[in-house]
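Here are some exercises to work through with the model open beside you. Try each task yourself before you read the solution.

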Amino acid sequence: MKTTSDLKEKILELKKRKNAVILAHYYQEEAIQEIADFVGDSLELSRKASQVDADIIIFAGVYFMAETAKIVNPNKKVIVPDVKAGCSLADGCPPDEFKAFLEKYSNHTVVTYINCTAEVKTLTDIVCTSSNAKKVISSIPEDQPIVFAPDKNLGKYLIAETGRDMVLWEGSCIVHEAFSLEKLIDLYKKHPTATIIAHPESETHILKVAHYIGSTSGMLNHVKNSPKDTFIVATEAGILHQMQLDNPTKTLIPAPSKEDNTCACSECAFMKVNTLEKLYQCLQDESPEVKLNNEIIEKARIPIYKMLDLK
């Protein structure tokens with residue numbers, strides 16, 4: 001069994017030899033974040049994926065993110081450490097069911113959260129991430145009705161924030177529905193000076209007690225710029241690695257989950273499917289590779305670039 005430092009060394013050698021770049025999400029294990037060329041949230045990774053100058057993109061995240069990288073880089077090889085790194089939001093919005101759903105709302109503009117499959121993106125007018133969702137909704141004329149999918153919790157938050165009446169698909173993120181309000185309140189009583197920060201994919205009752213609501217990058221920036229020194233963080237616990245690096249003197253406490261588990265937090269099992277060993281193997285073998293047919297790429301890139309071009 002190779003040690004972490006051995007694996008990192010071998011990955012760096014292979015990466016250089018093969019002109020490859022590693023993109024990783026903040027929810028990846030620490031060792032992967034440390035070796036990545038770029039670590040970001042969904043919006044940052046989408047932008048970076050559209051700009052990379054490499055022959056191979058290794059995407060350490062979940063599968064829909066790697067599909068997005070392939071859509072914006074159809075001529076590059078995109079590989080992933082493990083194809084089983086899925087997403088409850090993407091899985092909960094099958095393309096055939098979503099297509100049938102949209103037939104009832106033919107006059108609506110379709111906005112999909114980036115956490116969906118490439119096929120669902122082909123049924124979309126414009127994609128959004130949690131970082132730019134309000135901006136995307138505001139770009140649509142006020143008299144134009146909207147369907148928002150697949151995250152009902154993000155959708156409810158956006159309705160409250162923008163005042164727009166939207167039709168919501170009934171999907172949700174298992175990670176952000178795992179937080180216990182009761183445990184969170186008990187934790188806050190023990191740390192009454194703490195700031196509660198939450199991702200908008202969280203359920204409404206969690207958002208109501210949060211002092212700050214924002215995307216992954218928004219939360220990182222908020223903690224960095226805040227004069228406060230203690231934060232209770234309601235999102236996937238992988239964010240704490242970068243957050244602590246940015247704020248070594250601040251106290252960061254993961255929001256507690258309903259289930260009693262080893263980390264007393266909410267972790268994405270899909271994100272944690274990827275490991276440094278698998279990343280090394282996929283770069284060595286240049287497999288598993290993300291493959292999409294040209295028709296899906298051509299259709300899906302339109303709503304993605306609409307988002308990326310939004311100023």
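**Exercise 1: Three cysteines**

UniProt, in an unreviewed entry, lists Cys-87, Cys-173 and Cys-268 under "binding site"; positions follow the numbering used here, feature names are shortened, and annotations may be inferred rather than shown by experiment. This is a predicted model, where local features need pLDDT of at least 70, side-chain atom pairs count only at pLDDT 80 or more, and totals for chains, interfaces and linings use all residues. Residues are numbered from 1 along each chain as its sequence is written, and side-chain values use heavy atoms, with hydrogens and water left out.

*Task.* Find what the largest C-alpha distance among these cysteines is, and locate Cys-173.

*Solution.* Step 1: the three are spread over 182 residues of sequence, yet they cluster in space, with a largest C-alpha distance of 9.4 Å. Step 2: Cys-87, Cys-173 and Cys-268 belong to the lining of the largest cavity. On a 1 Å grid over the protein atoms alone, a cavity is a set of points where a 1.4 Å probe fits but cannot get out, and lining residues have an atom within 4 Å of a point. Step 3: Cys-173 sits in the loop between E8 and helix H10 (181-190). Helices (H or I, at least four residues) and strands (E, at least two) are DSSP runs, numbered from the N terminus.

**Exercise 2: The sheet that holds E8**

*Task.* Work out which strands stand at the edges of the sheet E6-E5-E7-E8.

*Solution.* Step 1: write down the order, E6-E5-E7-E8, an open sheet of four strands with parallel pairing. Two strands pair if DSSP finds at least two bridges between them. Step 2: look for strands that pair on one side only; these are strand E6 (126-128) and strand E8 (166-168). Step 3: check the twist, which averages 30° from one strand to the next. Axes are lines fitted to C-alpha atoms, for helices over the stretch in contact, and angles run from 0 to 180 degrees between N-to-C directions. Step 4: add helix H9 (residues 152-162), which packs on the sheet and touches E5, strand E7 (146-149) and E8; contact means heavy atoms within 4.5 Å.

**Exercise 3: Two helices that cross**

*Task.* Decide how H4 and H15 are oriented: roughly parallel or roughly perpendicular?

*Solution.* Step 1: the axes of helix H4 (residues 63-72) and helix H15 (residues 294-308) come within 9 Å and cross at roughly 100°. Step 2: angles under 35 degrees count as roughly parallel, over 145 as roughly antiparallel, 65 to 115 as roughly perpendicular and the rest as oblique. Step 3: H4 and H15 are therefore roughly perpendicular to each other. Step 4: to see the contact, find Thr-68, Ile-71 and Val-72 in H4, which meet residues of H15 including Ile-297 and Tyr-305.

**Exercise 4: Unusual backbone spots**

*Task.* Find where the cis bonds before Pro-150 and Pro-288 lie, and look at phi of Asn-19.

*Solution.* Step 1: recall that most residues other than glycine have a negative phi, and most peptide bonds are trans. Step 2: the bond from Ala-149 to Pro-150 is cis, with omega near -5°, and Pro-150 lies in the loop between E7 and H9. Step 3: the bond from Ser-287 to Pro-288 is also cis, with omega near 0°; Pro-288 belongs to the loop between helix H14 (276-285) and H15. Step 4: Asn-19 has a positive phi, near 50°, and lies in the loop between H1 and E1.

Note on methods
On a 1 Å grid over the protein atoms alone, a cavity is a set of points where a 1.4 Å probe fits but cannot get out, and a pocket is an open set with protein on both sides within 12 Å along at least five of seven lines; lining residues have an atom within 4 Å of a point.
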